[in-house]
Amino acid sequence: MCEKCKGNFYITTPIYYPSAKLHIGHTYCTVATDAMARYKRMQGYNVKFLTGTDEHGQKIEDKAKEAGITPKQFVDNIVTGEGGVLDLWKLMNISYDRFIRTTDDYHVEAIQKIFKKMYENGDIYKGTYKGKYCKPCESFWTESQLVDGKCPDCGREVQDAEEEAYFFRLSKYADRIQDLLENTDYLEPRSRVNEMVNNFIKPGLEDLCVSRTSFSWGVPVDFDPGHVVYVWIDALFNYMTALGFQNDKYHDLEEFWPADVHFVGKEIVRFHSIIWPAMLMSLDLPLPKKVYGHGWLLLDGGKMSKSKGNVVDPYILAERFGVDALRFFLLRSFPFGSDGNFSNELLINTINVDLANDLGNLVSRTVAMAQKYFGEHLPAQQQADEEKDAELLAMASGLRDKYEEQMEKFAFQNALAEIFKVISRANKYIDENAPWVLAKSEEQKPRLARVLYNLLETVRICAGLLTPFMPDTAAEIAKRLGGADLSWDTLNQFGTLSAEAATVAGPALFPRIDMEKELAALEEMNKPAPEVVEDPLPEPLPEIAFDQFEKVEMTVVKVLACENVKKSEKLLKFTLDDGSKEPRQILSGVAKYYKPEELVGKTLIAVTNLAPRKMMGQLSCGMLLSAERGDELHLVMLPDYVRAGSRLV
C-alpha cells in the first residue's frame, strides 16, 4: 500500500439476480455504492468495490426452460448480452473494481469447500424439509411468518415444499446474532434492527434449509450427488470468494476482509444480518463491519418489479436526461435509508431546479462574466471586501467538513444538500455584488476580479465534492475553470485556484426541460407495444429455372429526389442515380409507408431491365424492391457506401 493511502476500504453491492427487464430500481443501490467508492478514493483510500450477479436457483432454471435454452445460456444473455447487466453498469458509469458471477468456476469450487467445512464441523446436518417456499425470492418460510398466506417479502404466492435437504443450525447462533444486532452498529439504519429482532429472532430462530433436490441448477454438494447448495449460501459468500477465500483466483482476502460495508436493499436485510453472520460465526471468520439496508424506489406506491410491470427504463431516462443527471437525482431526492416515491415529474423538476437553475446557471454566469470582462484570464490584481465576501468564503471553506460528516453516515441526500446551500449562496452573491455594475468603472475592476475569483473558487470546491455523484459533470466544470484541481486535499482550502484563473466557455451544462412536452414524450414511449399478430405467409410461387432468374437485372440506386404523384394516394415518384449518366424515373406504391423527404439520399435496389410502363400518365422505368407481409411494407435499403450502379449478383 502506498504511503499516501489512508488504508483499505472494501464496499459491496448485493449481487443481482439476472433480470430480463432491468429497471431504475436496479441502479439505485449500485449508484450509491459507486458514489461511496469514488468518495473514498478521493480521500486516499485503497478501495475495492465489488458487484456481480447471482445466477443459480430454481427460478432461473424454470425461466431457461421456458425460453428453450440452458440456464447458463439464459444468464449469459442477460449478464453479458446487449442491454444486459454489464451494459447497464457501463451506461451508469459504475466504477467497480471486481465483478463476480456465481457461475464462475473459482466461486463454485469455493462454495463446495465452504459447505463441506460447515458440514464437517457439525453445523450442517441432513433431514427433510417440509414448509413453504417462495420461488421468486428463493426464500423458505414457516406458516407463522407468512402474511395473509403469502410471502412476507414480495407478497406473492408460496408453494408447499417437501424434500430431502441439509439444514444449517441457525438456531444455535440466535443469542449471538441478537447481541450483535442490539449491542453494536453492525446493522443500520437502526430501524432495521427492530425488524430483525422482533420479527425473526424473538419468535424463535429456526434452522435453515440449505440444500435442494427438486432442481439441479446450483452448486452441487460434492459429497452427496443430487443436492445443490441453497442459493443464499452461494450468494452471500461471494463477498469473500471474490477476494480469494477458498480459491486461488484472487489473493487479497487478508488485505480487504472484513468488508467495511455491505449496501443491500431492505428486502434482503434478513439474509445479511442474520444468516450471513451466523455462517461466518460457524467458520470462525471475522464479520463485516457494517450492513446498511437502504429503502426501495416506489412507483405508484409499490416497489418497482418486473413481475408487476411497473418498471422505469434507465436506458430511456439516461438517453433523454443524461447519466449524471440521473445519478444525481437518485441520491439527491431520497434519503438512502428510507423508501422514495419515484416519478418523472420529480426527476424533471430536480433537473430544472437544482441542475439547470442553480448549478448550471452559476457555472454559466460566472464563466461568461469572467470572459466578457477580462478575456481568457482574470487579472492578478484583486480587491477583497471582508464584509461582502466573508459569508461565502466561510461557507465554501467549511463545506468539505460538513459534506464529509454526512457522507460518513451514508446520508447522500444531506451531503448534496450542503453543496447546494453553497451554490445557492453563490448565486445570491452575484446579485449582491452586481458584477455588471462593477464592470462599468475602471476603478472597480480589481474588485470585480475578486468577486469573479470568489465565484470561480466556490464553483471549484462544489464541483470537487460533486465528483462522486456526477463524475463527468465535475470534470467538465474543472475544464471550464482552466483545468482546476479538484483533489480532496484542496477542497477545504479557499484560494487554491490561481489568481489569474483561466476560463473556457461551453454550452449549458443542463438545459431546462419543458415539463409538459417531456412527460408527453415519455408517456408515448412507455406505451406497451401493440400485440403482433402473425399474418400467414403467402403461398409460394411456382419454381423458375435458373436461366430465367439470371435475366433479372438488379441495380443499386441512390434517391436523388422523391415526390408524391398528383391524384394518387399510393404512388411516389423517384428520381434515381443508377450509375449511368441519365437519371432514372421509377414510380412505386409506397406512399402509405414513407414520406418523400425521408427517402432522399437513401440507397435502394431496383429491377432495371423491366420494360417501361405508364402509371397515372407518367413513365416508370423499373421497379424498387421491397418486403411486404400483412400491413407492413419496407423498401430494401443498403448502406450508403454501396455505390450506385453496382449489380446484385
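Among the elements of the protein chain, helix α9 (residues 238-241) has the highest mean pLDDT, 98, and strand β14 (residues 302-303) the lowest, 57. Here pLDDT is the predictor's confidence in each residue, on a scale from 0 to 100. Helices (H or I, at least four residues) and strands (E, at least two) are DSSP runs, numbered from the N terminus. Over residues 306-310 the pLDDT is below 50, and this stretch has 12 contacts in the model beyond near neighbours in sequence. Contact means heavy atoms within 4.5 Å.

This is a predicted model, in which local features need pLDDT of at least 70 and side-chain atom pairs count only at pLDDT 80 or more, while totals for chains, interfaces and linings use all residues. Residues are numbered from 1 along each chain as its sequence is written, and side-chain values use heavy atoms, with hydrogens and water left out.

**Whole chain**

- The mean pLDDT of the protein chain is 91, and 95% of its residues reach 70 or more.
- The protein chain has 22 helices and 25 strands, and its C-alpha trace spans about 95 × 85 × 45 Å along the principal axes.
- Of the 649 residues in the protein chain, 53% are buried; buried means under 20% relative accessible area, exposed over 50%, and partly exposed in between (1.4 Å probe, protein chains only).
- Among contacts in the protein chain with a separation of 6 or more, 75% are between residues 24 or more positions apart.

**Surface and charge**

- The protein chain exposes about 30600 Å², of which carbon and sulfur atoms supply 49%. Accessible areas come from the Shrake-Rupley method with a 1.4 Å probe, and for residues only the protein chains shown count as cover.
- There are 76 positive and 96 negative side chains in the protein chain, and the centres of the two sets lie 3 Å apart.
- In this count Lys and Arg are positive and Asp and Glu negative, while His and the chain ends are not counted. The place of a charge is taken as NZ of Lys, CZ of Arg, CG of Asp or CD of Glu.

**Cysteines**

- A disulfide is a pair of cysteine sulfur atoms within 2.5 Å, and by this rule the count comes to zero.
- C621 is in no disulfide; its nearest cysteine sulfur, that of C562, is 16 Å away.
- C462 has a relative accessible area of 2% and therefore counts as buried.

**Helix α2**

- Helix α2 covers residues 58-67, and its buried residues are Q58, K59, I60, E61, D62 and A64.
- These buried residues of α2 pack against two kinds of element: helix α3 (71-80), and strands β4 (124-134), β6 (159-168) and β9 (211-212).
- G68 follows α2 and has a positive phi, near 75 degrees.

**Helices α14 and α15**

- N344 is in helix α14 (residues 344-374). With a relative accessible area of 17%, N344 is buried.
- Leaving aside neighbours within four places in sequence, N344 is in contact with L317, L519 and L522. From N344 to V459 the separation is 115 residues in sequence and 28 Å in space, C-alpha to C-alpha.
- L393 is in helix α15 (residues 386-407). Outside the neighbours within four places in sequence, the contacts of L393 are R450, N454 and F494.
- L393 and E82 are 311 residues apart along the chain, and their C-alpha atoms are separated by 48 Å.

**Backbone exceptions**

- Most residues other than glycine have a negative phi, and most peptide bonds are trans.
- The peptide bond from E188 to P189 is cis, with omega near -10 degrees. P189 is in the loop between β7 (187-188) and α7 (190-201).
- W257 and P258 are also joined by a cis peptide bond, with omega about 10 degrees. P258 sits in the loop between α10 (253-256) and β11 (261-265).
- K567, a residue other than glycine, has a positive phi near 70 degrees. K567 is in the loop between β16 (554-564) and β17 (572-577), and at 84% relative accessibility it counts as exposed.
- M616, a residue other than glycine, has a positive phi near 50 degrees. M616 lies in the loop between β20 (613-615) and β21 (618-620), and at 47% relative accessibility it counts as partly exposed.
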